[in-house]
Amino acid sequence: MIEVKNLHKSFNDNEVIKGVDLSLNEGEVVTILGPSGSGKTTFLRCLNFLETADLGSIKVNDQIVEFGQTSANEILQLRRKMGMVFQNYALFLNKTAKQNIMEPMVLVHGYSVEKAEHRANELLESIGLSEHGDYYPSQLSGGQKQRIGIARAIATRPTVLLFDEPTAALDPELVGEVLKVMKAVKNTGVAMIVVTHEMQFAYEVSDRVIFMSDGRIVEEGTPHQIFEEPQEARTKAFLSRFTVK
């Protein structure tokens, strides 16, 4: 469903992504682990063209584009197949929770206001915030804001969801409510690429785990293989600080 080949990205003379390949099947959940500065977030942002990769290609369903040679229309078509959830929520502060969910449906995907509102109400109920549709972001907790961000990302039923450390900005007691919604999203069959430091979540939910370091994929495998039988020294050193059950 998604295939990335030989992705490279540099900032000036600093090469931060060094030829990464990744494939993702329909309904598959892949988590990307690694130390800070390993290139995880930059890789994710390149997939959604929030950063412009220097080299490589991406295929989503039947659409193939070469990084660095894409037109604005090709980027728009790819973005319509992806939803992204950011660690800092990225909500419009002057719009209500419901309006934040509706906005991309109407402006990017051409939904009517009535259809977008119906879909937004469905999603608010599904994430346990049906009573908060008229609240502004300043009136919501971090966990509630992130749940709105997830609802916005899945509103148009994208091919794949990209999560950039979705719990990183949350107080510990709020992490669980966001992870619960993410698990529910997985049960709908949407493919997901998740950059995270939540090791227990990665162990329980992933179909495949990738460990990145220094802009490269060092090791990948099933959660059991990566967490319990890692082969590479860098993977072992990184995971030695964590315990999963």
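Biologist: At what angle do helix H3 and helix H5 pack, and how far apart are their axes?

Modeller: In this predicted model, helix H3, which covers residues 97-107, packs against helix H5, residues 142-154, at an angle of about 25 degrees, and their axes are 8 Å apart. Since angles under 35 degrees count as roughly parallel, that makes H3 roughly parallel to H5.

Biologist: And is the crossing left-handed or right-handed?

Modeller: The crossing in which H3 passes H5 is right-handed.

Biologist: Which residues meet there?

Modeller: From H3 the contact takes in Ala-97, Asn-100, Ile-101 and Pro-104, and from H5 these meet Ile-148, Ala-151 and Arg-152. Sorted by class, the contact of H3 with H5 has five nonpolar residues, one polar residue and one charged residue.

Biologist: Switching to charges, how many salt bridges does a search of the whole structure find?

Modeller: The search of the whole structure finds 10 salt bridges. As general background, side chains of opposite charge can pair when their charged atoms come close.

Biologist: Take Arg-119, then; which side chain does it meet in a salt bridge?

Modeller: Arg-119 meets the side chain of Glu-122, with a distance of 3.7 Å from N to O. The two residues are three apart in helix H4, which runs over residues 113-126, so about one helical turn separates Arg-119 from Glu-122.

Biologist: Is Arg-119 buried or exposed?

Modeller: Arg-119 has a relative accessibility of 13% and therefore counts as buried, the cut-off for that class being under 20%. Its partner Glu-122 has 36% relative accessibility, which means that Glu-122 counts as partly exposed.

Biologist: What about Lys-183, which residue is its salt-bridge partner?

Modeller: The side chain of Lys-183 meets that of Glu-204 in a salt bridge, at 2.9 Å from N to O. Because Lys-183 lies in helix H6 (residues 172-186) and Glu-204 in helix H7 (residues 199-205), the pair ties together parts that are 21 residues apart in sequence. As for accessibility, Lys-183 counts as partly exposed at 33%, and Glu-204 counts as partly exposed at 44%.

Biologist: Which residues are joined into one network by salt bridges that share partners?

Modeller: Glu-28, Arg-208 and Glu-220 are joined in that way into one network.

Biologist: And back at the start of the chain, what does Glu-3 pair with?

Modeller: Glu-3 forms a salt bridge with Lys-5, and the closest N and O atoms of this pair are 3.9 Å apart; a salt bridge here requires such atoms to be within 4 Å. Glu-3 is partly exposed, its relative accessible area being 34%, while Lys-5 also counts as partly exposed, at 45% relative accessibility.

Biologist: New topic, backbone this time: what is phi of Asn-12, and where is that residue placed?

Modeller: Phi of Asn-12 is near 55 degrees, which is a positive value in a residue other than glycine. Asn-12 sits in the loop between strand S1 (2-11) and strand S2 (14-24), and with a relative accessibility of 77% Asn-12 counts as exposed.

Biologist: Ala-90 is not a glycine either, so what is its phi?

Modeller: Ala-90 has a phi of about 55 degrees, again a positive value. The loop that holds Ala-90 lies between strand S6 (82-85) and H3, the helix that packs with H5.

Biologist: How accessible is Ala-90 there?

Modeller: Its relative accessibility is 34%, so Ala-90 counts as partly exposed.

How values were computed
Residues numbered from 1 in each chain as written. Predicted model: local features only at pLDDT ≥ 70, side-chain atom pairs only at ≥ 80, totals over all residues. Heavy atoms only, no water. Axes fitted to C-alpha atoms, helices over the stretch in contact; angles between N-to-C directions. Helix = DSSP H or I, 4+ residues; strand = E, 2+ residues; numbered from the N terminus. Parallel < 35°, antiparallel > 145°, perpendicular 65-115°, else oblique. Left-handed = near helix turned anticlockwise from the far one by under 90°. Contact = heavy atoms within 4.5 Å. Nonpolar A, V, L, I, M, F, W, Y, C, P; charged D, E, K, R; others polar. Buried < 20%, exposed > 50% of the residue type's maximum accessible area, 1.4 Å probe, protein only.
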